[in-house]
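Colleague: Could you walk me through the reasoning behind a few contacts in this model?
Modeller: Gladly, let's look at it together.

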Amino acid sequence: MKNLILLGAPGSGKGTQSAKLVKELGYFHVSTGNLLREEIARESELGKRVKAVMDAGQLVSDELVVELLKANLNLSENSYIFDGYPRNEVQAETLNGILEGHQYLAVYFKLDTENLVERLTNRRVTKDGKHIYNLKTNPPKVAGVCDITGEELIQRDDDKEEVVRDRMKVFDSTMGPVIDKYRKLGKVIEVNADQSPEAVFAEIKGKID
Ligand code: AP5
């Protein structure tokens, strides 16, 4: 299986589709956002600095993120979904080096960003970010509790409306050249992310085969 690089605005459904790709196709999922949140949960000095940056909706330093990423990869054994990496041209260049000799595709989640604030402010997740719900479109069976693990569901600190809007601005200002770069390499498949999660998954599955 080719490695997959997921490109899409905050809330476009990258985490939701990653869970399906892991379950149905056996991919390994590496989310830089989840790795950073794990660092925060450790309450280390580094975690405190990372939290301040994430709570402001800004990007964490390239050096730190790549260190976390590399520590969680075994490309000779597994096929990965890169969720949340790369976030800018420097990271795209770094990932190019990491993926040298390995096959990959970039999956671009296309949709109108108008609805994303509502999607994100209604999102609830488990503490590790692996199980994702939505109060309006995909609520848990019991309010506030994960259907799968029974854990309490939380709202991410960066899902408050003002932070969501800042994250959107960061995405708009940094990701255009990254998407263009993958387009020029002929590596991009586009999916319509403005349809049901099942339909998005079917489209991805059909296009990566
Ligand atoms: P990160 O954790 O990567 O967040 P993000 O990219 O902003 O993406 P999200 O997790 O918010 O959204 P998603 O696309 O996964 O959507 P989801 O499936 O959950 O990054 C957070 C922060 O970490 C960054 O701001 C930065 O500070 C830092 N960071 C991370 N990586 C970094 C890097 N490489 N470099 C530097 N800093 C980095 O879905 C959202 C909601 O919509 C859910 O409620 C879901 O149920 C619902 N939903 C999903 N699909 C559908 C659908 N098809 N229809 C209706 N509802 C849907």
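**Ligand shell and Thr174**

Colleague: What makes the pair between the ligand and Tyr133 a polar contact?
Modeller: This is a predicted model, and in it an oxygen atom of the ligand is 2.8 Å from a polar backbone atom of Tyr133. The cut-off is 3.5 Å between N or O atoms, so this pair counts as a polar contact.

Colleague: Which side chains have a polar atom 2.6 Å or 3.0 Å from an oxygen atom of the ligand?
Modeller: Thr16 has a polar side-chain atom at 2.6 Å, and Arg156 has one at 3.0 Å. Both values are within 3.5 Å, so both pairs are polar contacts too.

Colleague: How much of the ligand does the protein bury?
Modeller: Taken alone, the ligand exposes 1000 Å², and the protein buries 95% of that.

Colleague: Which elements give two or more residues to the shell around the ligand?
Modeller: They are helices H1 (14-25), H2 (32-41) and H6 (116-121), together with strand E6 (132-134). H2 gives the most, with 4 residues.

Colleague: How many residues surround the ligand, and of what class are they?
Modeller: There are 35, with Thr16, Thr32, Gln58, Arg123 and Arg167 the closest. By class, the shell has 13 nonpolar, 14 polar and 8 charged residues.

Colleague: And Thr174: why is its side chain said to make a polar contact with Arg87?
Modeller: Thr174, in helix H7 (residues 161-174), reaches the backbone oxygen of Arg87 with its side chain at 3.1 Å. That is within 3.5 Å, so the pair qualifies. Leaving aside residues up to four places away in sequence, Thr174 touches Leu59, Arg87 and Asn88.

Key:
Residues numbered from 1 in each chain as written. Predicted model: local features only at pLDDT ≥ 70, side-chain atom pairs only at ≥ 80, totals over all residues. Heavy atoms only, no water. Polar contact = N/O pair within 3.5 Å; in protein donor to acceptor, adjacent residues only side chain to side chain. Contact = heavy atoms within 4.5 Å. Near = heavy atom within 4 Å. Areas by Shrake-Rupley, 256 points an atom, 1.4 Å probe, with all protein chains shown as cover. Nonpolar A, V, L, I, M, F, W, Y, C, P; charged D, E, K, R; others polar.
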